[in-house]
Amino acid sequence: MEELSYHILDLARNSIEAGAANLEINVIEDPAKNLLKFEVKDDGRGIGENALNKITDPFYTTKAAKKIGLGIPLLSEAVQACGGSLKIEPLSPNGTQVTASFPYDHMDRAPLGDLPSTISVLLAAGHCFNLIYRHRHVRKNFVFNTKEIRAQLGKVPLTTPAVLNWLQEYLDSSIRNLKRRRNN
């Protein structure tokens with residue numbers, strides 16, 4: 001995939017398809033530590049030990065309508081190409097956490113990509129899940145929580161086009177500001 005945000009979108013969609021009510025996306029960028037890491041964590045059905053052992057095989061999938069599953073194998077390949085690491089963990093009692101770490105300055109690392117659009121696409125799908133998106137750049141943090149946004153919106157659905165447009169602009173502006181800030 002051309003951007004890491006595509007991998008994040010793929011993992012998040014898997015979480016939603018696994019029935020997750022709560023989804024966390026955490027992104028850490030720390031050039032001084034030569035680290036770019038993202039985590040996608042959910043409380044969906046989880047992953048069994050048997051599936052965990054096969055998950056990087058492109059010809060293995062748990063989806064009945066598909067014969068191949070390329071998301072995790074492609075992510076695994078992207079991580080390996082950079083000398084990074086990929087960890088897939090079942091969570092107790094339910095859920096899964098996928099953590100991918102990359103050397104920040106590796107020339108073969110894909111760019112992080114358009115995370116505001118990724119988050120907007122997830123929200124526009126209309127599934128009712130809570131999303132917490134945390135993004136840390138060096139020592140500065142940004143947190144986006146759909147539970148708080150829904151509380152502010154009251155009866156206005158999060159999927160209203162005007163709300164989605166505002167959210168994407170808000171996310172875009174917040175992430176740009178996060179990276180612009182001077183770090184102490």
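Visitor: Which strands does α4 lie across, and at what angle does α4 run to β5?

Guide: In this predicted model, helix α4 lies across β1, β5 (130–137) and β6. Its direction makes an angle of about 175° with β5. Angles over 145 degrees count as roughly antiparallel, so α4 is roughly antiparallel to β5.

Visitor: What makes the position of α5 on β6 oblique?

Guide: Helix α5 lies across β5 and β6, and runs at about 55° to β6. Roughly parallel requires an angle under 35 degrees, and roughly perpendicular requires 65 to 115. The angle of about 55° fits neither range, so α5 is oblique to β6.

Visitor: Which residue caps the N-terminal end of α5, and how do you know?

Guide: Asparagine 145 caps the N-terminal end of α5 (residues 146–153). A side-chain oxygen of asparagine 145 lies 2.8 Å from the backbone nitrogen of lysine 147. A polar contact must be within 3.5 Å, and 2.8 Å meets that limit, so the pair counts as a polar contact. Just after α5, glycine 154 takes a positive phi of about 65°.

Visitor: How do you know which strands are the edge strands of the open sheet?

Guide: The open sheet is formed by 6 strands in the order β3-β4-β2-β1-β5-β6, and the pairing is mixed. Strands β3 (85–90) and β6 (140–145) each pair on one side only, and they are the edge strands. From one strand to the next, the twist averages 10°.

Visitor: Why do β1 and β2 count as a pair?

Guide: Strand β1 (residues 22–30) and strand β2 (residues 35–42) share 8 bridges in the antiparallel sense. At least two bridges are required for two strands to pair, so 8 bridges satisfy the rule. Within this pairing, asparagine 26 stands opposite glutamate 39 in β2, and the bridge partner of glutamate 24 is lysine 41.

Visitor: What do β1 and β2 form, and how many residues stand between them?

Guide: They form a hairpin with 4 residues between the two strands. Asparagine 34 lies in this loop. Its phi is near 55°, a positive value in a residue other than glycine.

Visitor: How do you know that β2 and β4 pair?

Guide: The same rule applies. Strand β2 and strand β4 (residues 96–102) are joined in the antiparallel sense over 7 bridges. The requirement is at least two bridges, so β2 and β4 pair. Lysine 37 stands opposite serine 101 in β4.

Visitor: Which peptide bond is cis, and what is its omega?

Guide: The bond from serine 92 to proline 93 is cis, with omega near 0°. Proline 93 lies in the loop between β3 and β4.

Visitor: Why is α1 called roughly parallel to α4?

Guide: Helix α1 (residues 4–17) and helix α4 (residues 115–124) pack at an angle of about 20°, with their axes 10 Å apart. Because about 20° falls under 35 degrees, α1 is roughly parallel to α4. The crossing of α1 past α4 is right-handed. From α1, the residues Ser5, Ile8, Leu9, Ala12, Arg13 and Ile16 meet Leu115, Thr118, Val121 and Leu122 in α4. By class, this contact has 7 nonpolar, 2 polar and 1 charged residues.

Visitor: Why are α4 and α6 called roughly antiparallel?

Guide: Helix α4 and helix α6 (residues 161–180) pack at an angle of about 150°, and their axes are 8 Å apart. An angle over 145 degrees counts as roughly antiparallel, and therefore α4 and α6 are described in that way. Helix α4 passes α6 in a right-handed crossing. Their contact includes Leu115, Pro116 and Ile119 of α4, and Leu164, Leu167 and Asp172 of α6. The residues of this contact divide into 9 nonpolar, 3 polar and 1 charged.

Visitor: At what angle do the axes of α1 and α3 cross?

Guide: The axes of α1 and helix α3 (residues 71–81) cross at roughly 145° and come within 10 Å. This crossing is left-handed. In α1 the contact is made by His7, Asp10 and Leu11, and in α3 by Gly71, Ile72, Leu74, Leu75 and Ala78. By class, the contact has 5 nonpolar, 2 polar and 1 charged residues.

Terms used
Residues numbered from 1 in each chain as written. Predicted model: local features only at pLDDT ≥ 70, side-chain atom pairs only at ≥ 80, totals over all residues. Heavy atoms only, no water. Axes fitted to C-alpha atoms, helices over the stretch in contact; angles between N-to-C directions. Left-handed = near helix turned anticlockwise from the far one by under 90°. Contact = heavy atoms within 4.5 Å. Nonpolar A, V, L, I, M, F, W, Y, C, P; charged D, E, K, R; others polar. Polar contact = N/O pair within 3.5 Å; in protein donor to acceptor, adjacent residues only side chain to side chain.
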